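Colleague: Could you take a close look at one helix of this model and tell me how its two sides are set in the fold? I would also like to hear about the backbone and the cysteines, as far as they bear a closer look.

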Amino acid sequence: MTRHLYVHLPFCAHRCGYCDFVTVVGRNSQHEAYVGAVLAELALERGVLASQLETVFLGGGTPTFTEPAALERLLAGLPGAEEVTVEANPETVTQDLARALRRLGVNRVSLGVQSFRPHLLAVLERVAQPDTVRRAFYHLRDAGFDNISFDLIYGIPDQSASDLEADLADALELGPEHLSCYELEAKPGTRFTHAHGAELARQADAMETSFELVVQTLTSAGYRWYETANFCRLTDGRDLRSRHNLAYWLGRDYLGLGIGAVSTVDGRRWRNTPRLPTYVAELTAGRLPGRELEPLSLDVRRRERVMLGLRLDEPLRVDGLGDVLDDAALERLQRLGLVDRTGRTLTLTARGRMLGGGVTADLLA
Ligand SMILES: C[S@@+](CC[C@H](N)C(=O)[O-])C[C@H]1O[C@@H](n2cnc3c(N)ncnc32)[C@H](O)[C@@H]1O
Ligand code: SF4
């Protein structure tokens, strides 16, 4: 039975230049109908969910831009879980919103900070200013949230090493329980890539150094580097890793509701239509939305287990992975000090983790 539920809330106040997620700008009058459709999809899929869920994650888009009455109806209609996370853009987090989330059972908020430098926020076309982020953070703390995560981005056009150091210092000063630090990905052919081409190339050359700076700074500040891009505070014996994302990295099943949402259940994977009108119309008529099925052979699943599992700081069990590993490459990478093998488990060394995906790709036969 599936114990992890993702819900996609696609609405945003505006579209940031670098963003490639399934988003829809505005359409406030449609939020209520969309939530109705998501709840209808949940009712049709209820059978695949366990009676007690471990995690629910509301991602976007900007879930907290959803009309308050619709967001409230959604949260009230979803099953409870041990970890309930909502993604929030700082400018949407008022005292009222923070209290409402708490009242509706949310116990973790992931705040899209991206940067604390005004000139970099402008490059990213963000609405929030550094003080907006701080205010949002304190509203969440005041409402009782003791599990807050920040998303930061590095490799932003015009970002210097000292800008990145200052961003990390500003984040650490607030002391969130969790930090996700992503390399900026810019899709070829987008308006953003045209506008910043040369700077993006310069940033790409410096990416490895920036990544090292991120890891070095956050681990020195006492955060656990538990996944390639994710860090959590080590406090009071609490495990502050994102349980929802851990489920993906560990290859567990999850159900995704909403436009563009992906599900993996019992060896099948599908992706819902990204088209809002079609999605709402189908579910209003009582039918499942249009879906794209992705063939998921055992070989593909095993390769995915290696690629995702080696992003973690915990050993990956290799029994049951069949012949997807290249033994000669494994020996070579062990000799180079990039991979540790102990009995039936594999882990990337710190150096191996810095090189990341390249090492894992070499390991796969
Ligand atoms: C699904 S997005 C939505 C979050 C929220 N709407 C916001 O913008 O703050 C989750 C996170 O993905 C990251 N992200 C989005 N686009 C990215 C890109 N092109 N490259 C790297 N990270 C990106 C950002 O850090 C963002 O906070
Ligand atoms: S607010 Fe977040 S989801 Fe919306 S366009 Fe910007 S980055 Fe994308």
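Modeller: What follows begins with the helix α2, then turns to the backbone and ends with the cysteines. Please keep in mind throughout that this is a predicted model.

The helix α2 spans residues 68-77, and its buried residues are A70, L71, L74 and L75. These four cover an arc of only 130 degrees around the axis, which puts them on the same side of α2. The general geometry helps in reading that pattern: an α-helix has 3.6 residues a turn, so residues three or four places apart point the same way. On the other side of α2 the picture is reversed, with P68, A69 and A76 exposed, each of them having over 50% relative accessible area. As for what lies over the buried side, the elements that cover the buried residues of α2 include two strands, β1 (4-9) and β4, together with two helices, α1 (31-45) and α3 (95-103).

One of those covering elements, β4, also leads into the stretch of chain before the helix, since the loop between β4 (53-60) and α2 (68-77) holds G61. There the backbone has a feature worth inspecting, for the peptide bond that joins G60 to G61 is cis, with omega near 15 degrees.

Two further backbone positions deserve a look, each with a positive phi in a residue other than glycine. The phi of Q114 is near 70 degrees, and this residue sits in strand β6, which covers residues 108-114. Q114 counts as buried because its relative accessibility is 8%, and the limit for that class is under 20%. For E125 phi is near 65 degrees, but here the setting is a loop, the one that runs between α4 (118-123) and α5 (130-142). With a relative accessibility of 26%, E125 counts as partly exposed.

Turning to the cysteines, the count of disulfides comes to zero. C232 is accordingly in no disulfide, and the nearest cysteine sulfur to its own, that of C181, is 12 Å away, whereas a disulfide would need the two sulfur atoms within 2.5 Å. C232 is also buried, at 2% relative accessibility, and C16 is likewise buried, with a relative accessible area of 10%.

Conventions. Residues numbered from 1 in each chain as written. Chains lettered and ligands numbered in written order. Predicted model: local features only at pLDDT ≥ 70, side-chain atom pairs only at ≥ 80, totals over all residues. Heavy atoms only, no water. Buried < 20%, exposed > 50% of the residue type's maximum accessible area, 1.4 Å probe, protein only. Arc of directions from axis to C-beta. Contact = heavy atoms within 4.5 Å.
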